[in-house]
Amino acid sequence: MVAMENPHAHAPQGFIRKYIFSVDHKVIGIQYFFLALTAVFVGMFLSLLMRIHLLWPSVNLPIFGVIQPETYLTLLTMHGTIMVFFVLTTAPQGGFGNYFLPIQIGAPDMAFPVLNMLSFWTTFVAFVVIIAAFFVQGGAPLHGWTGYPPLSAVQSAGPGEGLGADLWITSIAIFCVASLMGALNFITTTLDLRAKGMTMMRMPLTVWSWFITAILGLLAFGVLLSAGILLLMDRNLGTSFYVPLVVVSGQVMGHKGGSPLLWQHLFWFFGHPEVYIAILPGMGVASQVLSTFSRKPIFGYRAMVYAM
Amino acid sequence: MGLALMVVIWLITLVSTYFFVAKTWWLPVGAAEAAGFIDGQFALTFVLMGIVFLAAQLGLGYIVWKYRERASAPPADYSHGNTTLELVWTALTAILFIGLNLMGSSVWASQRFDPPAADSVKVEVTGMQFAWYFRYPGPDGKYGATSVKLMDPSAGGEAAVGLNTSDPAAKDDVVTGTMYLPVNREVDLSLRAVDVIHSFFVPSLRFKQDAVPGLNIHMHLKPTVIGEYEIACAELCGLGHYKMHGVVHVVSQEDFDKWLAAREAEKQ
């Protein structure tokens, strides 16, 4: 029936095409979900180490030894980054959004299935890169999840600010690329692939929340991507976007005239929408679940849409 | 089940409200002129938000119980919304939010944009990994020149802030590792950083401002109670961030003059 004339319907394929490099939105949604689940366990483990350190500051842990101040800051940085990017941004949008959005608007799949697959696997690469930061010389960075320069821009500003920090920024840049691809897909799908009769003002609030989140992501991640590239250039190519004349560890650095505040402006151009990117899908789901289980229409649907 | 849920919601609400009402964890004593206003604003925000919080949570618990699933439940009443109600609560929230912001902005702005009083004490605060240094301009009232190229944090004191000792205005500059301030006199602060961003945070003086490399940030405050207060760094600045402490001694004008004179004498 519908599936027969559907250009997006996929015939059963081999294991790899079906479950690994799948272009099916449901499989990709589940992949995103499991990536976020893995990330949440890594993030929780890091916070567990922090809590253990706070309770017993000098305890000698197997494998990790005694947690040093710089290790604590590394845990804090990596916990924050992994949770914000790979859990809060990934699960509600990439996971639930990919799985349910096409179903809820009556679309056969996302508008660009191959792009969808690419955005998941790019996110996966970003996750591998950030985890790699733990294992390089100097370890993971300690500049906090907001990565304020000069701390994050000067290699000698602290342990972990060498290759670890480069990997951290690279991972975020890759994540931005993946999120931009995802955002394009969500926006196009919502605008172009709605079933007949599914007008914008009839869409479930969940769809609205994923749609608005995608627009926010499109605006925010592009800026963060360029900010990250500038930071990488400051670190490795001797530019001075973010670093003025500073003395770090007794050495006059070669930078001149940069502004640490520039990073804050660019970062928070991402950071402010990011809180909505993280919460809007949750609010959409809460509205939808409440409305469904109380068997009533959403109270003030239009107001909710305009509020978003 | 509806009853149990209501009890749980109400318990969580009331227990969390208790901690604020009983002030189980609260601010340290406010020892600066702005503290009265800041604490008042803080309390007002908590009271207003507390009322909204209590009303919303207690209401939620009640509704959960009242409209629980029952065999004898009346037929459902379908509603798509109530525009008046929505406009009213959106407007009220907006007024509350914007009003609180406007109230707070005057004190925030006065510390930054108004010029300090004519008789204010000038102090320059310099943050570096992982210490604070304080510079007093001395009897001439003028800071001597500094240069980033002369900064040597490991040497401490004048060298750490990069004081150019060949500048005549620098001859009477005093650089210390502890901060002394006279009570009831305005302090004209200049905030600088050597290496990375730090934040000069004195909870008792209700003062917090980033010190940013490349910028010289001016703010003023007026300590009003004699005592010793802790200075902390409030911007993650590296592996020693946790121990980047300092002490500010707020003393009488007499003691302050004596202390400063002793430092000047040491310098000669």
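## A walk through a predicted two-chain model

In strand 10 of chain B, the residue that forms a bridge with L181(B) is V250(B), and since this is a predicted model, that pairing, like everything that follows, is read from computed coordinates. The bridge belongs to a longer partnership, in which strand 4 (residues 179–182) of chain B and strand 10 (residues 246–251) of chain B run in the parallel sense and are joined over 4 bridges. Another of these pairs places M179(B) in strand 4 with V248(B) in strand 10 as its bridge partner.

Strand 10 of chain B also has a partner in strand 9 (residues 227–233) of chain B, and here the pairing is antiparallel, over 5 bridges. The residue V250(B), already met as the partner of L181(B), is also the one that G227(B) stands opposite.

Which residues of strand 10 lie on its covered face, and which on its uncovered one? The covered face of strand 10 of chain B holds G246(B), V248(B) and V250(B), whereas V247(B), H249(B) and V251(B) make up the uncovered face. In strand 4 of chain B, by contrast, both faces are covered, with M179(B) and L181(B) buried on one side and Y180(B) and P182(B) buried on the other.

In the loop between strand 4 and strand 5 (187–193) of chain B we find N184(B). Its phi is positive, about 60°, although N184(B) is not a glycine. Is N184(B) buried or partly exposed? It has 13 C-beta neighbours inside 10 Å, and therefore it counts as partly exposed, because a residue is called buried at 20 or more such neighbours and exposed at 12 or fewer.

A further backbone feature of chain B appears at Q129(B) and F130(B), which are joined by a cis peptide bond with omega at about -5°. F130(B) lies in the loop between strand 1 (121–128) and strand 2 (131–136) of chain B.

Stepping back to chain B as a whole, the domain assignment gives domain 1 (2–67 + 83–113) and domain 2 (121–267). The C-alpha centres of these two domains of chain B lie 37 Å apart, and the contact between them takes 11 residues from domain 1 and 15 residues from domain 2. On the side of domain 1 that touches domain 2, helix 2 (35–66) and helix 3 (83–113) of chain B each supply at least two residues. By class, that side of domain 1 has 7 nonpolar, 2 polar and 2 charged residues.

We now turn to chain A, starting with its helix 3 (residues 69–88). Its 20 residues, at 1.5 Å a residue, should span 28 Å, and because its end C-alpha atoms are 27 Å apart, the expected and the computed lengths agree. The helix nevertheless bends, by about 25°, at I82(A). Helix 3 of chain A is mostly covered, with 15 of its 20 residues buried.

Within helix 5 of chain A sits N116(A), which counts as buried because it has 28 C-beta neighbours inside 10 Å. Leaving aside residues up to four places away in sequence, N116(A) touches V23(A), H25(A), I28(A), N98(A), M110(A) and N185(A). The C-alpha atoms of N116(A) and A183(A) are separated by 9.7 Å, although these residues are 67 residues apart along the chain.

Two loops of chain A deserve a look for their backbone geometry. In the loop between helix 5 (113–132) and helix 6 (163–192) of chain A lies P150(A), and the peptide bond that leads to it from P149(A) is cis, with omega near 0°. In the loop between strand 1 (247–248) and strand 2 (251–252) of chain A lies S249(A), a residue other than glycine whose phi is positive, near 50°. With 14 C-beta neighbours inside 10 Å, S249(A) counts as partly exposed.

Finally, we come to the place where the two chains meet. How many residues does each chain bring to the contact? Chain A gives 29 residues and chain B gives 24 residues. Helix 3, strand 1, helix 8 (260–293) and helix 9 (301–307) of chain A each supply at least two residues of the side that touches chain B, and the largest share of that side, 3 residues, comes from helix 3 of chain A. By class, the side of chain A that touches chain B has 20 nonpolar, 6 polar and 3 charged residues.

Key: Residues numbered from 1 in each chain as written. Chains lettered and ligands numbered in written order. Predicted model: local features only at pLDDT ≥ 70, side-chain atom pairs only at ≥ 80, totals over all residues. Pairing = 2+ DSSP bridges. Expected span 1.5 Å × (residues − 1). Bend = angle between axes of the 7 residues up to and from the residue. Contact = placed C-beta atoms within 7 Å. Nonpolar A, V, L, I, M, F, W, Y, C, P; charged D, E, K, R; others polar. Domains from an automatic or database assignment.
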